[in-house]
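This report looks at how a protein surrounds its ligand, and afterwards turns to the cysteines. Please keep the sequence and the structure in view while reading.

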Amino acid sequence: MSDPFANVDAASPEFIEIIATALEVRAADPSMLPVIDGFLDRLAPPDGGLIVDIGCGTGGVTRRIADRFGRANVLGVEPSAALTGKAWSLAGDHPNLKFRNGDGAALDLADGSADIAILHTVLSHVADPSPLVMEATRILRLGGTLVVCDADFSKAALGLAPGDPLDSCARAFVAGSVTDAWLTGKLKPLARAAGLTVAHFDTAIRVVTDGIGNLVWVRMAAARFVTEGVIGQPLADALEAEYHRRAEAGTLYGFLPFVTMIAVKAER
Ligand SMILES: C[S@@+](CC[C@H](N)C(=O)[O-])C[C@H]1O[C@@H](n2cnc3c(N)ncnc32)[C@H](O)[C@@H]1O
């Protein structure tokens with residue numbers, strides 16, 4: 001199965017809407033904000049410096065970066081034209097925020113032009129993360145910082161009991177919508193191969209017990225199953241209804257670790 005995040009524009013308009021909504025919901029979800037703020041708290045861009053959010057999607061995280069660092073210039077780069085368009089339309093009034101359509105493996109930025117590069121849940125969706133880490137390193141100035149924050153999708157869970165259908169949705173989401181569910185264990189060697197020095201590495205657990213923060217697992221798994229003829233629309237609707245029922249009943253339990261690695265392009 002191909003990961004729709006690896007080539008968003010190849011998906012149907014309906015599926016792109018599901019992806020865009022899911023990215024916006026996650027970026028604003030109270031259970032996600034400590035993960036995002038956890039790495040932003042560790043950054044101190046210089047006034048007038050450049051922060052590049054590579055693979056920025058609809059720009060939900062990019063907007064938060066622009067809010068947090070109002071004296072820095074923030075550029076979101078996104079290969080999907082559809083998502084880049086959404087990012088612009090959602091950008092609001094941020095004078096320090098721009099978006100650009102482009103591939104993270106071939107950035108239209110000069111060597112050493114950025115102070116901070118961020119890859120937020122991008123590398124788990126590409127077949128080979130190495131060119132993106134190399135390219136992020138190329139655009140960093142000496143002393144600049146790369147942040148990689150990604151989910152350990154191998155541990156994703158949404159179940160209350162063995163065989164729980166919602167847990168099956170979480171597993172189906174990972175099988176169908178994540179390229180490398182085991183990426184996070186490979187991050188340190190990726191940074192070292194690019195010549196970076198790992199300065200920080202931590203894990204935060206995101207647990208979703210209410211709201212729609214993990215609905216995307218059910219929605220994308222069910223939509224794919226319906227498209228492939230595995231299940232009918234009534235079961236897809238019932239799975240989504242069950243998610244909402246648990247959120248209401250207080251029995252929703254979505255579990256996903258996020259790893260943050262901060263690596264520095266050392267002065268030579
Ligand atoms: C799960 S989304 C994360 C979006 C955003 N970083 C966020 O956290 O909201 C993965 C993103 O990676 C992008 N992506 C996929 N391949 C890429 C590449 N080669 N270079 C840059 N971004 C890429 C996708 O288009 C998508 O927007």
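In this predicted model, 19 residues surround the ligand, and the closest are Gly55, Glu78, Asp103, Gly104 and His120. When these surrounding residues are sorted by class, the shell around the ligand is made up of 10 nonpolar, 6 polar and 3 charged residues.

Three of the closest residues can be described through particular pairs of atoms, which are set out in the table with their distances.

| Residue | Part of the residue | Atom of the ligand | Distance |
|---|---|---|---|
| Gly55 | polar backbone atom | nitrogen | 2.7 Å |
| Glu78 | N or O atom in the side chain | oxygen | 2.6 Å |
| Gly104 | backbone N or O atom | nitrogen | 2.8 Å |

Beyond these single contacts, the protein covers 95% of the 590 Å² of accessible area that the ligand has on its own. As for its location, the ligand sits in the largest pocket.

The cysteines raise a separate matter, namely how many disulfides the structure holds. The number is 0, and Cys149 offers an example that can be followed step by step. A disulfide requires two cysteine sulfur atoms within 2.5 Å, whereas the sulfur of Cys149 is 15 Å from the closest cysteine sulfur, which belongs to Cys56, and this is too far for a bond.

Is Cys149 buried or exposed? Since its relative accessible area is 1%, Cys149 is buried, and Cys169, with a relative accessible area of 4%, is buried as well. Both values fall under the 20% that marks a buried residue.

Note on methods. Residues are numbered from 1 along each chain as its sequence is written. This is a predicted model: local features need pLDDT of at least 70, side-chain atom pairs count only at pLDDT 80 or more; totals for chains, interfaces and linings use all residues. Side-chain values use heavy atoms; hydrogens and water are left out. A residue is near a molecule or strand if one of its heavy atoms lies within 4 Å of it. A polar contact is a pair of N or O atoms within 3.5 Å; within protein, one must be able to donate a hydrogen and the other to accept it, and residues adjacent in sequence count only if both atoms are side-chain atoms. Accessible areas come from the Shrake-Rupley method with a 1.4 Å probe; for residues, only the protein chains shown count as cover. On a 1 Å grid over the protein atoms alone, a cavity is a set of points where a 1.4 Å probe fits but cannot get out, and a pocket is an open set with protein on both sides within 12 Å along at least five of seven lines; lining residues have an atom within 4 Å of a point. A molecule sits in a cavity or pocket if more than half of its atoms lie within 2 Å of its grid points. Ala, Val, Leu, Ile, Met, Phe, Trp, Tyr, Cys and Pro count as nonpolar, Asp, Glu, Lys and Arg as charged, and the others, Gly among them, as polar. Buried means under 20% relative accessible area, exposed over 50%, partly exposed in between (1.4 Å probe, protein chains only).
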